Amino acid sequence: MKKLVMAAVAAIMALGASAQVTFWDNGRPAQRVEFGVRAGVDISSISADDIFGVKSKLGFYGGLSADFRIINSFAINSGIFFAQKGYKTDLLASFSGEEMIYFHTRINFIEIPVYASYRIIADEDNSFQIFAGPYFDFGVYGKMKAKGNLAGTGVESSADVFNDKYGYRRFQMGIGVGGAYTYQRVTLSASYQWGITDVAKNADAKWGNACITLGYNF
């Protein structure tokens, strides 16, 4: 996932590279606060050495953005977003390969990023951003689903991940980095997030999340 995002960031920064570039502009922005919409996908998983067969899961990422522009080349990127994060695991497998239980975990978060953004201005239509900073997640709904075959019997069940048994944390935070290319008012961005808080109580596991979005600034 990290390689995918880094490649996307490099591609974004390469767009319009032949244009005349202004690397620092401390002029006053014509629009101090810029609102927009974003929609795209994220690919998330958890880093946990003691959980067998962890795989990534695709989800939706989107919401309303708010860029607070201090000067033309520097801004604070924030907003409120809906983020679907999750992962898949193979919990149990027999040597014969006939017994397997698959767990799919999906958690829906409300996310607020607070990213410092450095803007490179190519011309009046093209600009690039590099951003980094903390993000804050609040879990609103999450399910863990189990499905498979055990001792010749089909197994299928689901449970709320925020109950006392699983103890997933509703509040999560981490660090995000990424880049964006904006043509007039259309923007394409790619980012990666490293979780700081453990996903659950008494669990040494943290989120990793790659995200690509397309948006429009008003």
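The exercises below, each with a worked solution, concern a predicted model.

**Exercise 1.** Describe the secondary structure of the protein chain and its order along the sequence.

Solution. Begin with the elements: the protein chain has one helix and ten strands. Then read along the sequence, where the pattern is α-β-β-β-β-β-β-β-β-β-β.

**Exercise 2.** Classify the ring pair of Phe-60 and Phe-82 as stacked, tilted or edge-to-face.

Solution. The structure holds nine aromatic pairs. For Phe-60 and Phe-82, the ring centres are 6.3 Å apart and the planes stand at 35 degrees. Rings pair if their centres lie within 6.5 Å, and planes under 30 degrees apart count as stacked, those over 60 as edge-to-face. The pair is therefore tilted. Next, place the two residues: Phe-60 is in strand β2 (residues 55–71) and Phe-82 in strand β3 (residues 74–93), 22 residues apart, so the pair links distant parts of the chain.

**Exercise 3.** Assign Phe-60 and Phe-82 to an exposure class.

Solution. Buried means under 20% relative accessible area and exposed over 50%, with partly exposed in between. Phe-60 has 37% relative accessibility and so counts as partly exposed. Phe-82, at 29%, is also partly exposed.

**Exercise 4.** Identify the ring cluster that includes Phe-109, and find which charged residue lies over the face of Phe-109.

Solution. Ring pairs join Phe-109 with Tyr-87 and Trp-207 in a cluster. Lys-85 lies over the face of Phe-109, 5.6 Å from the ring centre. Elsewhere, Arg-170 lies over the face of Phe-162, at 4.2 Å from the ring centre.

**Exercise 5.** State what share of the residues in the protein chain is buried.

Solution. The protein chain has 218 residues, and 43% of them are buried.

Conventions: Residues are numbered from 1 along each chain as its sequence is written. This is a predicted model: local features need pLDDT of at least 70, side-chain atom pairs count only at pLDDT 80 or more; totals for chains, interfaces and linings use all residues. Side-chain values use heavy atoms; hydrogens and water are left out. Rings of Phe, Tyr and Trp (its six-membered ring) pair if their centres lie within 6.5 Å; planes under 30 degrees apart count as stacked, over 60 as edge-to-face and the rest as tilted. Helices (H or I, at least four residues) and strands (E, at least two) are DSSP runs, numbered from the N terminus. Buried means under 20% relative accessible area, exposed over 50%, partly exposed in between (1.4 Å probe, protein chains only). A charge sits over a ring if NZ of Lys or CZ of Arg is within 6 Å of the ring centre and within 35 degrees of the ring normal.
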